[in-house]
Amino acid sequence: GMGEVWRGRHQLLARPAAIKLIRSDALETDPARAAVLRERFEREAQATARLASPHTIDLYDFGISGDGTFYYVMELVSGIDLEQLVRRFGPLPPGRVVHLLKQACDSLEEAHRAGLVHRDIKPANLLGGPRGRHADFLRVLDFGLVKTETKPDAGEVKLSIENVVQGTPAYLSPEAVTGDVEVGPYSDIYALGCVAYWLLTGKPVFDEDTPMGVAVAHATRSPPPLDAHAPTASPVPDALAAVVMDCLAKDPAHRPGGAMELYRRLEACPGVSPWTPEAAFEWWQSHEPGTLQPAW
């Protein structure tokens, strides 16, 4: 809700890019809000530029244009975000879910080690698609709500006040709703558990009538078991279901201890058929052939 994205091309290198900028109407209508948006936008660019994981979107440049518009330029990636992937093609097989989640863990592990918490992990911010010889390569996008794990300065306080609860209701951790515990890396782990639930079942963890109802459910209710919603043709192995439910624990201390621990637990899940490069290529060739690069 803070900007818009355009497709662009570098004049000298002819390299395609995605250019994100703050909408002009947001800058013109409320100067105070414009200042907050610019601060958040700059923080997103700076945070993303610090990260080198291949599963974090690459940042090429950022700055302020001649007319005062704040922008940044990032790589243009082919593929489908995981929100649309499930909406269009249904729940994913467990092996593919594990394959995608491990890549998200790679990105988040680096971010967390750098003292950054994403705070808006959701399927729409996870983009899967071909890259080089990899047909199902995942990128983590949009560090617009990123939080540093240091004492907040005045600007950080203003950003928190401007949106008291930050993030997307369907993927909010209990502590993000209640404020009882400081939001931290464990909050991203909870959100990743919500993503796993969506990928495996095609349903959010809680499906209430209002965003507030969803947020309250995350804070107070136990998630329905995965087998209540998972397709019968692709049942979720017990070990994988246990990992997902641990991610969704109300108490952060009961969740996996970090992104790398979650990675290892996903990798060690028995009963999950591996998602092979051949299977990934065949899926993209069948469902989205125009996305594959000519090298294929």
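This report describes a hairpin, a helix and an open sheet in a predicted model.

Local features need pLDDT of at least 70 and side-chain atom pairs count only at pLDDT 80 or more, whereas totals for chains, interfaces and linings use all residues. Residues are numbered from 1 along each chain as its sequence is written, and side-chain values use heavy atoms, with hydrogens and water left out.

Helices (H or I, at least four residues) and strands (E, at least two) are DSSP runs numbered from the N terminus, and two strands pair if DSSP finds at least two bridges between them. The pairs below are both antiparallel.

| Strand | Partner | Bridges |
|---|---|---|
| Strand 3 (residues 59–64) | Strand 4 (residues 70–75) | five |
| Strand 5 | Strand 7 (residues 126–131) | two |

Strand 3 and strand 4 form a hairpin with five residues between them, and G68 in its turn has a positive phi of about 90°. Within this pairing, G63 stands opposite Y71 of strand 4.

Helix 2 (residues 31–49) has 19 residues, which at 1.5 Å a residue (counting one less than the number of residues) should span 27 Å, and this agrees with the 27 Å between its end C-alpha atoms. Its buried residues (under 20% relative accessible area, with exposed over 50% and partly exposed in between, for a 1.4 Å probe and protein chains only) include A34, L37, F41 and T48.

The open sheet has three strands in the order 5-7-8, with antiparallel pairing. Strand 5 (80–81) and strand 8 (134–140) are at the edges with a single partner strand each, so one side of each has no neighbour in the sheet. In strand 7, L127 is the bridge partner of D81.
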